[in-house]
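Biologist: I should like to go through this model with its criteria in view. Please set each value against the definition behind it.

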Amino acid sequence: MAKHAVLSSGAKLWRSLACAKSELRLDLTLACGQSFRWRETAEGHWTGVMGGRVWTLTQTDDTLWYYLYTNQDNQSRGDKKLGDGVSLRDNNNRAERRSKGAQRMDEEEPQAVGQQDRELEAELMLRDFFQLHVKLDDLYRQWGAADPHFRKIADIFTGVRILRQDPTECLFSFICTSNNHISRIQGMVERLCQALGAPLCQLDQTTYYDFPTLSALADSSVEACLRDLGFGYRARFLQQSAKQILDTHGLQWLEGLRRVSYLEARDALRTLPGVGTKVADCVCLMCLDKPDAVPVDTHVWQIAQRDYKYAAEKGQKSLTEKVHRNIGDFFRKLWGPYAGWAHSVLFCADLKKFQSLKEMACFNQPKKEEEEEEKSRKTKIKRETDGHGINMKSENQKKAKMGVKEERTL
DNA sequence: TACGAACCTCA
DNA sequence: GAGGTTCGT
């Protein structure tokens, strides 16, 4: 049985490209709640599906390493549980992918030429997925120059990039995020792919699946299926959104939103059931090439108030359309055209699972600053625990709030 | 523009 | 019952 690749035991089978850790940190970028299907399968090794293929990625100081598995099991593509219609529609999806330049590796070509092409194509896919043409070092410098609070975070949380995800996967994953936290979303998306996606390959005990096609998601049996899998009210949103896209727009519509303005794309997405302002902003930012989209939830609202003394809407009790707009505009004015990228750095820094990084940084402080740092560390932890001056009534509530925060998604 | 209802899980 | 997002009024 095939195993998950590990760099130390077969480096010659891996390929690499130059990439400093200041430009990309796999651990932060792949686990900060923008995508939900990458898993750390060995220390520092991340395995997931991208462009219909299974990859393992790892990095050393100045190098990004990648291992691309062959889809040995892909003869069963399209023969999943929904019956005849699906395999036909799966071919549509392959055509869709081909138009994105992501699927040519599956086609037969003369071996020598094909091999080279495949390698080049894989590298291009990876560069595209991580948007490596965007120079993160420069952006961090710009954000830091404009924003002292960002400077404090940036030294620890380097290399946090926005991925350029597949629009279908991104949209339908984010429809799952409402009232939800990262670990549960991960489980849901995994079950979604198992139930409705084509199997790609098996490594150790894990079978990897492609993300379901629009057609598979639109099938009328899907709502009941997903309810059984614990999707709750989101089951209907997923099926209805898929059906609405296919019925009224067509297969290419989502990807076409990459070529329209941010506001036009956002409004278009908001016509779909289960897609409000926040989910639309996530999709715009994470797969539709809208780097100025800033997804605002109550968490981001809290960051704005706590770290930026944002007070314009203090009387507001809920996240109205106006608050969304104003906070988005506030951060766009502060950070500029890649505000959404900067936002993800702060969001990542606030996740419970990455708090140890802050503590390590404090631990490593030069000695003369230790005392001062300890003092500010205590205040910082307090703020992370009980928000920004809101007096919690009990320790239980305090913990409950932390629990939500630590798992909150974008 | 803003509020309450509905949605679901967890404590 | 709290928690956050979407939807309907």
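Biologist: What makes the pair formed by Gly274 and a phosphate oxygen of DNA strand C a polar contact?

Modeller: A polar contact is a pair of N or O atoms within 3.5 Å; within protein, one must be able to donate a hydrogen and the other to accept it, and residues adjacent in sequence count only if both atoms are side-chain atoms. A polar backbone atom of Gly274 is 2.6 Å from a phosphate oxygen of DNA strand C, so the pair satisfies the limit of 3.5 Å. The model is predicted: local features need pLDDT of at least 70, side-chain atom pairs count only at pLDDT 80 or more, and totals for chains, interfaces and linings use all residues. Side-chain values use heavy atoms, without hydrogens and water, residues are numbered from 1 along each chain as its sequence is written, and chains are lettered from A and ligands numbered from 1 in the order in which they are written.

Biologist: Which side-chain atom pairs a residue with a phosphate oxygen of DNA strand C?

Modeller: A polar side-chain atom of Thr298 does, at 3.4 Å. For Val279, a polar backbone atom is 3.2 Å from a phosphate oxygen of that strand.

Biologist: What is meant by a residue being near DNA strand B, and which residues are around the strand?

Modeller: One of its heavy atoms must lie within 4 Å of the strand. The residues around DNA strand B include Asn179, Arg184, Arg227, Tyr233 and Lys322. Sugar and phosphate account for 87% of the atoms of DNA strand B that come within 4 Å of the protein. A polar side-chain atom of Arg227 lies 3.0 Å from a phosphate oxygen of DNA strand B, and one of Arg184 lies 3.4 Å from such an oxygen.

Biologist: Why is α10 called a helix, and how does its span compare with the expected one?

Modeller: Helices are DSSP runs (H or I, at least four residues), numbered from the N terminus. Helix α10, residues 234-248, has 15 residues, so the run meets the minimum of four. Its C-alpha span is 21 Å, close to the 21 Å expected; the expected value is 1.5 Å times one less than the number of residues.

Biologist: Which residues of α10 are buried, and why are they said to lie on the same side?

Modeller: Arg234, Ala235, Leu238, Gln239, Ser241, Ala242 and Ile245 are buried, that is, under 20% relative accessible area (exposed is over 50%, partly exposed in between; 1.4 Å probe, protein chains only). They cover an arc of only 160° around the axis, which puts them on the same side of α10. The arc is that of the directions from the helix axis to the C-beta atoms. On the other side, Asp247 and Thr248 are exposed.

Notes: Helices (H or I, at least four residues) and strands (E, at least two) are DSSP runs, numbered from the N terminus.
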